[in-house]
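Trainee: I'm new to this one. Please take me on a close look at the interior, and stop at a few residues along the way.

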Amino acid sequence: MTSGRGQGRLLVPPLSPALVELAGRRHRRGEVTSRLLLQTRALAFVEGYRLRRAGRRDIHEELALIEPVNRGFAYEGAALAAALADLATPRRAPAPGSQDGRQTRLGHLLDGPGAGFVHLVHVGAGWAAAVLPWRTVHRRLPLDPLLRWLALDGAGFARGFFGGPGAIRRLARRPDRDDPVQTVLRQGLGRSLWFVECGDVPAIGRQIEGFPPGLRPELWAGVGLAVCYAGGCSDRQFEHLQTLDGKERAALAQGAAFAAEARRTAGHVPAHTAAAVAALTGVPADTAANWARDSRDSALALGPEIDSYRWWQREIRRRATAAAG
């Protein structure tokens, strides 16, 4: 009989570093410095995926060896591997006295040190929804009542990252702009644009202009999250971002606040995050992170539906607009 560890590897296909080569997937080359930095983030994702696919129980110790600035991306990759394995494994009744969901690989990844990367784990699990029905991912995985909607962000990112400019243009033509599920998915798509265009803000703007006006702020929210979490934004590109105004600027700030809170929760706010959040919100990263954390309980009180998640985003945008005067 095959061991459980071996089964974990068989259930999850390998992921080659070549699949995340930014210059080789119809992605634009952007600025060299930005492209090389973003490439290191993508490779950290692959490393996390590889470590979780190996099925070791000391996954947190393995991930702790990755430098802090890249560790969140590694947890994101590990979450995709864990989610795929869980979704491919027949359901079993929980052991007596155990909590439902803690028997899963994804549940184990969220335990202990993984709690600091809860946002990235949810995003990574959502990559599975790029190839499997969202309803299956949503129902089968042990996701947080509110943060589970971040999995949609992950699905949107995967579609844009692997599909490239052609897939992004096709998604721009889809007539589902009033569907909140598709709206959140578009934020992940916006986040992928930072990688697809390798930090070229004017090129990102041209892509976003192809979407209906009502969806453009959602895409900019994803861009703001990527700029602040991943980094790679030059002074020249910040100047382009700071020309945005109105709803698009507020959405950009909301993405920045999400990035600030995700980094703070992990216990390490790198210099590029602090600088980018301040540039896009006009407040220190800790203040922007508080916008996200302080309004989360109110969003949870509204219930676990996607409308609560959307309220959470709008509340952060409201606070950002008020702070801007």
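Mentor: Sure, and let's settle some wording before we go in: a residue is buried under 20% relative accessible area, exposed over 50% and partly exposed in between, using a 1.4 Å probe and protein chains only. Keep in mind that this is a predicted model, where local features need pLDDT of at least 70 and side-chain atom pairs need 80 or more, while totals for chains, interfaces and linings take in all residues. Residues are numbered from 1 along each chain as its sequence is written, and side-chain values use heavy atoms, without hydrogens or water.

The big picture comes first. The protein chain has 325 residues, and 58% of them are buried. Its secondary structure is 16 helices and zero strands (DSSP runs numbered from the N terminus: H or I of at least four residues for helices, E of at least two for strands). Of the contacts (heavy atoms within 4.5 Å) in the protein chain with a separation of 6 or more, 75% are between residues 24 or more positions apart.

Now for the spaces. Searching the whole structure turns up four cavities of 30 Å³ or more. On a 1 Å grid over the protein atoms alone, a cavity is a set of points where a 1.4 Å probe fits but cannot get out; a pocket is an open set with protein on both sides within 12 Å along at least five of seven lines; lining residues have an atom within 4 Å of a point. Points join across faces, edges and corners, and the volume is the space filled by probe spheres set on them.

The largest cavity comes to about 230 Å³. It has 19 lining residues, and His119, Leu120, Val123, Leu225 and Ala262 are the closest to its centre. Six helices each give two or more residues to that lining: H4 (68–88), H6 (118–126), H8 (150–172), H9 (180–196), H11 (216–230) and H13 (246–265). By class, you'll find 14 nonpolar, one polar and four charged residues there (Ala, Val, Leu, Ile, Met, Phe, Trp, Tyr, Cys and Pro are nonpolar, Asp, Glu, Lys and Arg charged, and the others, including Gly, polar).

His119 takes us on to leucine 147, since His119 is one of its contacts once neighbours within four places in sequence are set aside; the others are Val118, His122, Arg296 and Trp312. Leucine 147 sits in the loop between H7 and H8, and it counts as buried because its relative accessibility is 0%. Its C-alpha atom is 9.2 Å from that of proline 304, although 157 residues separate the two along the chain.

Next up is the second largest cavity, at about 100 Å³. Its lining includes Arg41, Phe73, Glu76, Trp127, Phe157 and Arg191. H2 (32–53), H4, H8 and H9 each supply at least two of the lining residues, with H2 giving the largest share, three. Here the classes are eight nonpolar, no polar and three charged.

Trp127 also turns up at the second largest pocket, where it is among the residues nearest the centre, together with Leu80, Leu84, Val131 and Phe162. H2, H4 and H8 are the elements giving two or more residues to this pocket's lining. The pocket has a volume of about 210 Å³, and its lining is made of 13 nonpolar residues, with no polar and no charged ones.

Three more residues are worth a stop. Threonine 273, in helix H14 (271–281), is buried because its relative accessible area is 0%. Beyond its neighbours within four places in sequence, it touches Cys228, Tyr229, Ala260 and Arg263.

Cysteine 198 lies in the loop between H9 and H10 (201–209), and it too is buried, at 0%. Most residues other than glycine have a negative phi. Cysteine 198 is not a glycine, yet its phi is positive, about 50°.

Finally, threonine 136 belongs to helix H7 (134–140). With a relative accessible area of 31%, it counts as partly exposed. Leucine 87 is 49 residues away from threonine 136 in sequence, but their C-alpha atoms are 8.1 Å apart in space.
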